[in-house]
Amino acid sequence: MEDAVNDAVDDRPADAAPILVAIDGPAGSGKSSVSRAAAVRLGFGILDTGAAYRSLAWTATELGVDLDDAAAVAAILDDWEYRITLRGEQRVTVRVPGADPETDPADVTAAIRAHAVSGLVSRVSKHPEVRDRLNAMFRGIVAASGLPGVVIEGRDITTVVAPDAPVRILMTASAEVRARRRAGELAGLSHEQVLADIAARDAKDALVVDFFTPAPGVTLVDTSDLDFEQSVQAVVDIVRAVQRAAEES
Ligand SMILES: Nc1ncnc2c1ncn2[C@@H]1O[C@H](COP(=O)(O)OP(=O)(O)O)[C@@H](O)[C@H]1O
Ligand SMILES: Nc1ccn([C@@H]2O[C@H](COP(=O)(O)OP(=O)(O)O)[C@@H](O)[C@H]2O)c(=O)n1
């Protein structure tokens with residue numbers, strides 16, 4: 001079956017636009033890790049859009065820019081070079097305006113996962129101009145990828161970035177389960193702290209984008225009672241079903 005999907009992918013014209021799989025969801029639902037594993041299984045790339053918002057928050061902090069100042073944060077993007085790998089191990093680099101060439105571009109792969117950055121990122125992602133410009137960047141990255149397919153994951157991918165994607169999924173899990181998963185990653189923080197932090201971040205993010213309710217045509221995947229492998233399989237099964245339906249029509 002896996003081979004059948006990969007054969008279908010291989011039969012596509014070399015210059016065809018990538019098949020898009022759009023995945024949204026709140027923190028800890030499994031978006032990044034499940035999307036990555038599903039992408040590998042499908043022979044697709046993976047674009048983690050949250051990494052760009054995290055990198056922008058990191059850059060603004062480095063430059064001493066007020067994160068709540070929409071114009072100042074958007075101005076960073078005038079001269080910001082952002083790179084992210086879509087296959088293999090994730091690596092994220094940014095070229096910061098006016099930075100020391102010795103340390104530029106900066107590898108921010110680890111730094112953007114710091115708890116401190118998670119606490120700041122909603123302040124840059126709330127600005128509509130910043131979102132518009134990053135969304136244009138995401139579409140450009142996918143179009144230039146040269147890959148047969150790309151899984152794009154974030155908060156507004158199914159609704160704003162790729163509303164016409166053939167596969168659109170909202171991945172959820174209960175707040176309790178999401179906090180437990182995150183606490184497993186963040187040593188030194190209690191379950192209660194992690195629960196409070198992700199609830200606060202989701203609440204701030206949800207003021208800008210609704211990622212709790214599936215938009216029309218979006219498939220809900222609740223991973224609360226699924227283990228990691230079952231979650232990956234759920235995504236792969238949805239993609240395969242859509243690919244089969246497209247082949248038959
Ligand atoms: N279905 C699942 N069952 C168990 N653990 C999971 C599941 N999905 C994700 N995880 C784990 O939960 C943590 C958070 O997942 P992640 O993909 O970072 O979520 P998100 O990108 O939605 O914030 C990771 O450690 C991941 O391995
Ligand atoms: N498409 C997206 C992706 C992320 N984000 C923002 O970026 C932050 C970090 O996203 P993430 O996907 O890395 O977060 P996790 O869900 O992995 O914790 C979110 O809290 C949002 O503020 C967004 O606004 N829109």
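## Two ligands, two domains: a quick tour

With 249 residues, a compact globule would have a radius of gyration near 18 Å, and the protein agrees with that at 18 Å. The radius here is taken over C-alpha atoms, and the globule rule is 2.2 Å times the number of residues to the power 0.38. This is a predicted model, where local features need pLDDT of at least 70, side-chain atom pairs count only at pLDDT 80 or more, and totals for chains, interfaces and linings use all residues. Residues are numbered from 1 along each chain as its sequence is written, while chains are lettered from A and ligands numbered from 1 in the order in which they are written.

**The overall build**

Taken along the principal axes, the C-alpha atoms fill a box of roughly 55 × 45 × 30 Å. The protein has 10 helices and 8 strands; these are DSSP runs numbered from the N terminus, with helices being H or I over at least four residues and strands being E over at least two. Buried residues make up 37% of the 249. A residue is called buried if 20 or more other C-beta atoms lie within 10 Å of its own, exposed if 12 or fewer do, and partly exposed in between, with C-beta atoms placed from the backbone.

Of the contacts with a separation of 6 or more, 73% join residues 24 or more positions apart. Two residues are in contact when their C-beta atoms, placed from the backbone, lie within 7 Å.

**Two domains and where they touch**

The protein splits into domain 1 (21–38 + 155–238) and domain 2 (45–147), with bounds that come from an automatic or database domain assignment. Their C-alpha centres lie 20 Å apart. Each side puts residues into the contact: 12 from domain 1 and 12 from domain 2. On the domain 1 side, α2, α7 (157–161) and α9 (191–206) each supply at least two residues, and α9 gives the largest share, with 4 residues. By class, that side has 5 nonpolar, 2 polar and 5 charged residues. In this scheme Ala, Val, Leu, Ile, Met, Phe, Trp, Tyr, Cys and Pro count as nonpolar, Asp, Glu, Lys and Arg as charged, and the others, Gly among them, as polar.

**The ligand shells**

A residue belongs to a shell if its C-beta atom, placed from the backbone, lies within 6 Å of the ligand. Ligand 1 is surrounded by 18 residues, and G30, K31, S32, S33 and R181 are the closest. The elements giving two or more residues to this shell are α2 (31–42), α8 (175–185) and α10 (228–248).

Around ligand 2 there are 16 residues, and A27, G50, Y53, S125 and G154 come nearest. Here α2, α3 (50–63), α5 (115–125) and α9 each give two or more residues. The ligand 2 shell draws at least three residues from each of domain 1 and domain 2.

Here is how the two shells break down by class:

| Shell | Nonpolar | Polar | Charged |
|---|---|---|---|
| Ligand 1 | 4 residues | 9 residues | 5 residues |
| Ligand 2 | 4 residues | 6 residues | 6 residues |

**The annotated stretch**

An unreviewed UniProt entry places the feature "binding site" at G25, P26, A27, G28, S29, G30, K31, S32 and S33. Those UniProt positions are given in the numbering used here, feature names are shortened, and annotations may be inferred rather than shown by experiment.

Two of these residues are worth a look. G28 is in the loop between β1 (19–24) and α2, and counts as buried because 25 C-beta neighbours are inside 10 Å. Not counting residues up to four places away in sequence, G28 touches A173, R178, A179, R181, R182 and I198.

K31 is in helix α2. K31 is buried too, with 29 other C-beta atoms within 10 Å. Leaving out residues up to four places away in sequence, its contacts are I23, G25, E153 and M171.

**Two partly exposed residues**

L226 is in the loop between β8 (219–222) and α10. With 17 other C-beta atoms within 10 Å, L226 is partly exposed. From L226 to G28 is 198 residues in sequence and 13 Å in space, C-alpha to C-alpha. Beyond its neighbours within four places in sequence, L226 is in contact with S231 and A234.

R133 lies in helix α6 (residues 128–143). R133 is also partly exposed, with 16 other C-beta atoms within 10 Å. Setting aside neighbours within four places in sequence, R133 is in contact with A74 and L77. The C-alpha atoms of R133 and G154 are separated by 15 Å, at 21 residues apart along the chain.
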